[in-house]
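Please look over the sequence and the model below before reading on. The notes that follow are meant to be read beside them, one topic at a time.

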Amino acid sequence: MVKPLAFKGEKTKVKKRKAAPAPEESLQEKRIRESASDAHEDDSWVIADSSGDISGPVVIVLPSTQPTCIACDAAGKVFTSELENLVEGDPATAEPHDIRQVWIASRIAGTDYFCFKGHNQRYLTSDNLGSFSARNETISPEEMFVCIASTDTPGTFNIQTQRETFISVTDDGKEIRGDVDTISFNTTVRIRMQARFKPRLKANKELKAKEKISKKELESAVGRKLDDDEVRKLKKARVEGDYHEKLLDVRVKGKHDKYS
């Protein structure tokens with residue numbers, strides 16, 4: 001094809017290529033995307049079972065007779081706050097009713113330590129006298145804690161400071177201390193967190209989304225009618241991650257049966 005003449009200094013027009021149309025989203029991909037979106041928006045409260053779960057908004061439930069949690073006011077004063085949202089008084093079901101009861105838990109990169117940021121954007125601090133406050137904007141060793149899962153009571157923790165002492169509540173349930181050096185009932189806390197931040201719940205929702213595929217969709221992918229055993233095999237393969245290999249096997253089997 002003869003190209004038109006071009007002259008020095010003349011601007012050449014560059015033809016813009018049309019973007020290829022985006023591939024149509026399958027029904028299964030849509031389900032997985034919607035399930036992931038639901039998991040991201042799930043603001044229900046659940047128990048943290050291990051330190052690996054702890055992330056995002058949390059409520060630190062104290063082992064007091066009347067269920068309470070650690071809270072702070074706008075000035076950074078830390079105090080025990082009575083919990084009102086409970087199912088039959090069970091602290092394992094506690095949910096916050098006041099923003100002052102909520103802390104944002106974050107793992108400090110490259111360590112096993114956590115920090116807890118209050119609603120006032122200051123960090124929970126334990127000083128050398130065992131007193132607590134939430135007035136520091138930056139993280140130092142006094143704002144770093146280890147959450148040790150209890151071996152005696154599943155779903156509970158002992159939160160240790162850098163001085164190897166533990167967060168505890170006094171017997172009357174009115175004061176939080178950080179100068180107790182042995183684990184006891186008074187140092188054993190529960191950590192309630194939002195479900196959308198719990199890794200295992202996220203994974204379970206995605207797994208269930210993968211399991212949701214109809215016989216009709218599978219038959220459409222294979223190109224023929226399937227028996228119950230083939231449907232079970234393909235559904236199992238979706239969960240285990242070898243779906244495409246099993247799909248090819250079923251297709252090949254169908255061709256062999258056709259010409260045998």
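What follows is a short briefing on this structure, from the whole chain down to single residues.

The structure is a predicted model, and the chain averages a pLDDT of 82, with 75% of the residues scoring at least 70. The chain has 260 residues, of which 38% count as buried, and it is built with five helices and 15 strands.

**The chain as a whole**

- Among the contacts in the chain with a separation of 6 or more, 54% are accounted for by residues that are 24 or more positions apart.
- The accessible surface of the chain comes to about 16600 Å², and carbon and sulfur atoms hold 51% of that area.
- One stretch calls for caution when reading the model, since pLDDT stays under 50 over residues 35-39, and for this stretch the model has six contacts beyond four places in sequence.

**The nonpolar cores**

- In soluble globular proteins, nonpolar side chains tend to be buried together.
- The largest nonpolar core here has 27 residues, and those with the most contacts inside it are Ile54, Val78, Trp103 and Phe116.
- A second core, separate from the largest one, has ten residues, including Val222, Val231, Leu234 and Ala237.
- Valine 78 touches residues from several parts of the sequence, among them Ile70, Cys72, Trp103, Leu124, Phe132 and Ile176, when residues up to four places away in sequence are not counted.

**Strand β3 and its partners**

- Why can strand β3 be called largely enclosed by the rest of the structure? Five of the five residues of this strand, which covers residues 68-72, are buried, so β3 is largely enclosed.
- Thr68, Ile70 and Cys72 point one way from β3, while Cys69 and Ala71 point the other way, and all of them are buried.
- On one side of the pairing, strand β2 (residues 56-62) runs antiparallel to β3 and is joined to it by two bridges; leucine 62 stands opposite threonine 68, and the two strands form a hairpin with five residues between them.
- Strand β4 (residues 78-82) also runs antiparallel to β3, and five bridges join the two; here the bridge partner of isoleucine 70 is threonine 80.
- β3 and β4 likewise form a hairpin with five residues between them, and glycine 76 in the turn has a positive phi of about 95°.

**Asparagine 120 and the turn at glycine 76**

- Asparagine 120 is found in the loop between β8 (113-117) and β9 (123-126), and at 12% relative accessibility it counts as buried, because the cut-off for buried is under 20%.
- Although asparagine 120 and glycine 76 are 44 residues apart in sequence, their C-alpha atoms are 7.3 Å apart in space.
- Leaving aside neighbours within four places in sequence, asparagine 120 is in contact with Cys72, Asp73, Ala74, Gly76 and Ala134.
- The side chain of asparagine 120 reaches the backbone oxygen of alanine 134 at 3.0 Å, and a polar atom of the same side chain lies 3.2 Å from the backbone nitrogen of arginine 122.

**Another buried loop residue**

- Is aspartate 53, with a relative accessible area of 2%, buried or exposed? Aspartate 53 is buried, and it is found in the loop between β1 (45-47) and β2.
- The side chain of aspartate 53 reaches the backbone nitrogen of aspartate 49 at 2.9 Å.

**Residues with a positive phi**

- Most residues other than glycine have a negative phi.
- Glutamate 88 has a positive phi, near 50°; this residue lies in the loop between β5 (85-87) and β6 (90-95), and at 83% relative accessibility it counts as exposed.
- Glutamate 164 has a positive phi as well, near 65°; this residue is found in the loop between β12 (157-160) and β13 (166-169), and with a relative accessible area of 57% it is exposed.
- Glycine 223, which follows helix α3, has a positive phi near 95°.

**Helix α3**

- In helix α3 (residues 215-222), Glu217, Leu218, Glu219 and Val222 are buried, and Val222 is also one of the residues of the second core.
- An α-helix has 3.6 residues a turn, so residues three or four places apart point the same way.

Notes
Residues are numbered from 1 along each chain as its sequence is written. This is a predicted model: local features need pLDDT of at least 70, side-chain atom pairs count only at pLDDT 80 or more; totals for chains, interfaces and linings use all residues. Side-chain values use heavy atoms; hydrogens and water are left out. pLDDT is the predictor's confidence in each residue, from 0 to 100. Contact means heavy atoms within 4.5 Å. A nonpolar core is a set of buried Ala, Val, Leu, Ile, Met, Phe, Trp, Tyr and Cys residues joined through side-chain atoms within 4.5 Å. Buried means under 20% relative accessible area, exposed over 50%, partly exposed in between (1.4 Å probe, protein chains only). Helices (H or I, at least four residues) and strands (E, at least two) are DSSP runs, numbered from the N terminus. Accessible areas come from the Shrake-Rupley method with a 1.4 Å probe; for residues, only the protein chains shown count as cover. Two strands pair if DSSP finds at least two bridges between them. A polar contact is a pair of N or O atoms within 3.5 Å; within protein, one must be able to donate a hydrogen and the other to accept it, and residues adjacent in sequence count only if both atoms are side-chain atoms.
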